[in-house]
Amino acid sequence: MAAAGLPDADPELERPRQPEHGEWATTLALRLAKPAKAAPRDIAQRIVDHLDVPEQVAEVEIAGPGFVNFRLSASYYADLIREVVAREEGFGRSSVPEEEREHVNVEFVSANPTGPLHVGAGRWAATGDAIAALLEAAGHEVTREYYVNDAGEQVRRFGESVVLVARGEELTDDHYRGGYVAEIADALRAAHGADLFADDGQAQGVAPATAARVGELAVEAMRARIEGQLHELGVDYDVWFSERTLHDSGAIETTVAQLTSDGHTYADDGATFLRTSDHGDDKDRVLVRSDGRPTYFAADCAYLREKWDRASAAGTGGGARLFYLLGADHHGYVARLLAAAECLGIPSGRVEIRIGQLVNLLRGGEPVRMSKRAGELITLDEVVEEVGTDVTRYHFLRQGLDTTVDFDLAVVTRQSMENPVYYVQYAHARISSLIRTADERGFDHGTVEEANLLRLDHPAEHELLRALARLPLEVAEAAELRATQRLARHAEELAGTFHRFYTECRVLVDGDEELGRARYWLAVAARRALADALALLRVRAPERM
RNA sequence: GCGCCCGUAGCUCAGUCAGGAGAGAGCAGCGGACUUCUAUUCCGCCGGUCGCAGGUUCGAAUCCUGCCGGGCGCACCA
């Protein structure tokens with residue numbers, strides 16, 4: 001820059017939207033116009049004159065008001081194809097330097113185990129899982145974790161509900177109801193006998209000990225069912241963390257004691273408050289109620305501390321990170337959770353909470369009412385069964401977290417381009433078919449090293465190569481932004497460029513075997529890229545459709 | 001009332017973090033393309049005051065302020 005007589009500045013290369021503008025571009029000259037007091041195009045010219053152009057850049061041009069565009073050479077793309085073909089899998093993955101590699105605890109779903117998951121939870125399942133996969137692809141270590149609220153009032157209440165249903169007695173508005181409660185009652189009766197629901201000399205209602213005993217079993221049964229529901233969606237966790245263990249081990253008392261000795265609490269009206277309002281929260285929050293029982297928030301604090309210690313112990317160079325994916329109905333917790341983290345001495349920025357907007361379940365444009373009453377609850381597994389895991393996952397993943405998702409059963413079950421997942425999968429199946437056909441016909445594709453990949457100069461070939469080359473960057477960006485839709489949209493772009501290539505460029509051509517071989521290896525590379533993108537989204541890449 | 005999110009083509013949404021080249025995609029509508037590697041595909045046309053009004057900037061869908069619509073949340077609940 002100095003040589004060109006210009007102020008120092010970050011070139012900030014970016015990818016132009018229009019193919020005519022090359023693979024890379026910089027707006028440097030435009031931004032320097034003011035400080036350098038010169039016309040942007042003149043500045044651009046001076047930059048270009050002093051530029052050290054790498055081998056892989058075929059052409060540099062100044063365009064428009066002062067953009068500098070770079071075009072990559074054919075040999076760059078030839079190397080790209082060889083690289084993609086050479087790696088067995090994981091094109092698109094990257095690695096971070098050891099000192100930046102984080103251990104990320106990704107907590108998602110964590111719905112209360114007092115009922116089966118509904119459709120909305122599917123969004124958090126698919127998204128949390130895919131973000132975890134993206135973080136892994138970006139080179140981080142990940143723990144997928146589910147926090148099980150298996151302690152406290154709701155367990156007692158759930159147990160009481162099961163007992164009452166088992167006995168055929170009446171429920172009140174405070175109880176859980178619905179077919180699944182009866183199912184649990186039946187299952188528990190089968191496993192433990194009807195005596196499980198009996199009280200000793202209790203005249204009315206359910207004895208606390210009975211409610212607690214049944215509640216514990218019922219919650220575990222429900223948790224197991226939730227685990228199964230998530231597995232159906234292709235989501236498997238590393239850790240199912242039990243809240244009860246925090247109560248049993250004394251971790252909650254220890255945590256409250258620590259917060260107190262660090263001066264973050266005070267007593268008022270017999271209750272213990274945490275000074276969260278000193279750390280950005282609207283008001284202080286109760287840790288221990290005036291009757292001595294800890295709040296759920298106290299358990300959250302203990303859990304936060306436990307998780308932080310565990311993630312830190314992994315000892316990665318980039319340190320630990322606690323990632324929470326929460327629904328918009330929980331965004332009220334964000335401030336107090338972050339405040340708690342500060343009080344616990346967790347470095348700022350290490351607890352990251354992302355809020356996702358909610359899901360509307362529709363059928364033919366009409367809202368599906370999800371009443372608590374028996375029979376009207378639409379569970380996640382029912383939906384997955386009806387529409388399939390690939391469509392369900394992809395539908396959630398291709399939309400940003402900030403957008404409310406309409407999940408319309410009538411639309412989503414249609415196998416048309418209203419479900420773009422088929423478009424991407426079809427591209428993969430099409431390439432697979434092409435390769436099968438080539439083999440059947442005894443097509444001599446040779447090796448990728450022998451192929452003359454410089455023959456790939458058709459516009460459709462070039463577009464496909466461009467999309468292919470961008471995959472690693474798109475993955476890295478999607479991981480950085482925790483934005484699954486980035487990857488989904490790029491997979492669609494990749495599929496689109498392949499479909500156009502397929503239409504315009506025949507691979508198994510007569511008379512030009514050299515070109516055919518080059519195209520064959522391009523198709524192989526494209527299939528690998530599609531398979532890798534779909535793998536990160538945990539969507540199947542079918543060989544046939 | 002306060003806080004968070006959204007408002008972009010008839011519909012569903014990308015793009016907003018980090019301001020740049022005539023604002024993109026799919027669906028719907030209209031018109032084309034298979035005797036040849038999968039037509040769940042491809043090509044073309046139609047379609048937009050980027051909610052409204054100000055401001056910052058050489059340049060705003062993008063940043064700031066204020067409005068207007070919609071969703072969600074504001075417990076010694078769980």
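Start by selecting Ser110 in chain A of this predicted model. Ser110 is buried, because its relative accessible area of 14% falls under the 20% cut-off. Now look at the backbone there: the phi of Ser110 is positive, about 45°, even though this residue isn't a glycine. That's worth a pause, since most residues other than glycine have a negative phi. To get your bearings, color the neighbors in sequence: Ser110 sits in the loop that runs between strand S4 (103-107) and helix H4 (119-137).

**Next stop: Arg482**

Jump along the chain to Arg482. Buried or exposed? Arg482 is buried, with a relative accessible area of 11%. Its phi is positive too, at about 50°, and again the residue is not a glycine. Show helix H16 (459-481) and helix H17 (484-504) as cartoons, and you'll find Arg482 in the loop between them.

**Zoom out to the whole chain**

Reset the view and take in chain A. You should be able to pick out 18 helices and 14 strands. Turn the chain along its principal axes, and the C-alpha atoms fill a box of roughly 90 × 60 × 40 Å. Switch on a surface if you like: of the 545 residues, 49% count as buried. How much of the contact network joins residues 24 or more positions apart? Among contacts in chain A with a separation of 6 or more, such pairs account for 71%.

**Color the two domains**

Give 19-72 one color for domain 1 and 420-537 another for domain 2. Arg482, in the loop between H16 and H17, takes the domain 2 color, as that domain spans 420-537. Measure between the centres of the two domains, taken over C-alpha atoms, and you should get 31 Å.

**Where the domains touch**

Now hunt for the place where domain 1 and domain 2 meet. On the domain 1 side 4 residues are in contact, and they touch 4 residues of domain 2. The size of an interface is often given as the accessible area lost when the parts come together. Here, the area buried between domain 1 and domain 2 is about 320 Å², with carbon and sulfur atoms giving 47% of it. What kinds of residue does domain 1 bring to this side? The split is 2 nonpolar, 1 polar and 1 charged.

Last, try looking for salt bridges between the two domains: the count is 0. Polar contacts come out the same way, with 0 residue pairs found across the interface when both residues are at pLDDT 80 or more.

Methods:
Residues are numbered from 1 along each chain as its sequence is written. Chains are lettered from A and ligands numbered from 1 in the order in which they are written. This is a predicted model: local features need pLDDT of at least 70, side-chain atom pairs count only at pLDDT 80 or more; totals for chains, interfaces and linings use all residues. Side-chain values use heavy atoms; hydrogens and water are left out. Domain bounds come from an automatic or database domain assignment. Contact means heavy atoms within 4.5 Å. Buried area is the accessible area (1.4 Å probe) that two parts lose on being put together, summed over both. A salt bridge is a side-chain nitrogen of Lys or Arg within 4 Å of a carboxyl oxygen of Asp or Glu. A polar contact is a pair of N or O atoms within 3.5 Å; within protein, one must be able to donate a hydrogen and the other to accept it, and residues adjacent in sequence count only if both atoms are side-chain atoms. Ala, Val, Leu, Ile, Met, Phe, Trp, Tyr, Cys and Pro count as nonpolar, Asp, Glu, Lys and Arg as charged, and the others, Gly among them, as polar. Helices (H or I, at least four residues) and strands (E, at least two) are DSSP runs, numbered from the N terminus. Buried means under 20% relative accessible area, exposed over 50%, partly exposed in between (1.4 Å probe, protein chains only).
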